[in-house]
Amino acid sequence: MVASTFELFKIGVGPSSSHTMGPMLAAALFIGRVAETGKLAQVTRLETLLFGSLALTGKGHATDRAILLGLSGQKPEKIEPDAADILVSEIRGTKRIRLNSEHEIAFNEDADVIFDQKKRLDFHSNAMRFNAFNGDTLVETRVYYSVGGGAILDEDQIGANNPEAGLWDVPHAFCSGADLLKIAADKNISIADIMRNNERTAKGDNEISGDIRKIVDAMSACIDRGIKNGGILPGGLKVKRRAPLIYGRLMERQERALSDPLTILDWVNLWALAVNEENAAGGKVVTAPTNGAAGIVPSVLRFYERFAPKADEAGVETFILTAAAIGSLFKENASISGAEVGCQGEVGVACSMAAAGLTAAWGGTPLQVENAAEIGMEHNLGLTCDPVGGLVQVPCIERNAVGAVKAIEAARLAILGDGTHRVSLDEVIETMRKTGLDMSERYKETSQGGLAVNLVEC
């Protein structure tokens, strides 16, 4: 199955696509399911059990907050951060929750949202079970898995081997980078054309272009908010937001910028930091392909828009569609979940996507695009996910800035060549998958290894 552009790029809220957006959506779907069966009025207590990585780093990733919002009927793509804060405060203050925004019950968060740190379900580390009771009688129960990028699967989909929504009956089915290159050569079209033709199975051209523009505008707005918003990030680490300070310094030294060509990279760093500081604060972001890696694609895209001599709307669409095609390969053949394969599945994939998108927007050939994607991941292999304090802050925020610069370097290396290279993208994807399997659980979004245990939090 080919993952849709609009599955990989989704507008939502921070700080985590797998730990915030996924659980919020799962909770909303569960309570919606109870309502559809006519059992909602019977519910007197609602229990949520979180397992694996969700249990170990859920509090730092605002999973508990996401559950409250989801059970209230809120979904990531609709909720506004300020409104979410008010709703969560009301639930916690009154110890009552209005399930699906219609049926109010007593709600003791300490007893009703359980972080089971000793248990991991087999299919995926990000697992949760919802139990709805009438007194002591179980009315409805369901297991959901948050598999990365805000996507979820329920137990029926797992049992039936039925993945989440994507593109099925498409004119250009592809399962590998080799498939993409063969289709491009046989049809004499670009990788962006392949992806657009596939998207046409569900949408018309105007709708595709309009939805891409919504994604790009949301990315741009996130950068701009991050540049303006200062202060200390929530969570207890007392991490200071740096984007406003960096922006001020860059504006002060504009006259000297011509003497330092690397100033352009300072802007790229700024844009990436701005996005991930917004994400860490629970702001509105776009999964690209995840929240933890949400700063890389937007910052590289803005680099293209601001500094490419012939940047235009067609180039922007080419960038996004090409990045999505590469992201689809990782999603279907490996993983984009830090809890499953470490940060190589988040920052590494985002770097690969951005490198491919930039190369295509610059006019690179499909061979050069595939080369750029390969370089972007090859030099992120083995990247661990060890968030300090379970927060998407250290090392996550800076890691996005480094990943963005690395994506630009990968694109430049690919453009300077003719597309031929020794290691293929498919070989790198398979290596990433196997590396993730070999990686210790301590380094897969559990905060049980690496910086999370070696850095003093105070």
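1. A good place to start is the interface. About 1,400 Å² is buried between domain 1 and domain 2, and carbon and sulfur atoms give 54% of that area. On the domain 1 side, Pro15, Gly60 and Pro81 lose the most area to domain 2, together 31% of what that side buries. Please keep in mind as you read on that this is a predicted model.

2. As for the domains themselves, the assignment gives residues 15-159 as domain 1 and residues 177-443 as domain 2. Their contact takes 19 residues from domain 1 and 20 residues from domain 2. The C-alpha centres of the two domains lie 30 Å apart.

3. You may want to look at the charged pairs next. Two salt bridges are counted between domain 1 and domain 2. In the model, the side chains of Arg120 and Glu441 meet in a salt bridge, with 3.9 Å from N to O.

4. Now for the empty space inside. The structure holds one cavity of 30 Å³ or more, and the volume of the largest cavity is about 140 Å³. Its lining has 17 residues, and Gly292, Glu346, Cys385, Val392 and Cys396 are the closest to the centre.

5. What kinds of residues make up the lining of the largest cavity? Eight are nonpolar, five are polar and four are charged.

6. Finally, where does that lining come from? Domain 1 and domain 2 each provide at least three residues of the lining of the largest cavity. Helix 2 (17-36) and helix 18 (396-416) each supply at least two of the lining residues.

Notes
Residues numbered from 1 in each chain as written. Predicted model: local features only at pLDDT ≥ 70, side-chain atom pairs only at ≥ 80, totals over all residues. Heavy atoms only, no water. 1 Å grid on protein atoms, 1.4 Å probe; cavity = no way out; pocket = protein on both sides within 12 Å on 5 of 7 lines; lining within 4 Å. Points joined across faces, edges and corners; volume = space filled by probe spheres on them. Helix = DSSP H or I, 4+ residues; strand = E, 2+ residues; numbered from the N terminus. Nonpolar A, V, L, I, M, F, W, Y, C, P; charged D, E, K, R; others polar. Domains from an automatic or database assignment. Contact = heavy atoms within 4.5 Å. Buried area = accessible area lost by both parts, 1.4 Å probe. Salt bridge = Lys/Arg side-chain N within 4 Å of Asp/Glu carboxyl O.
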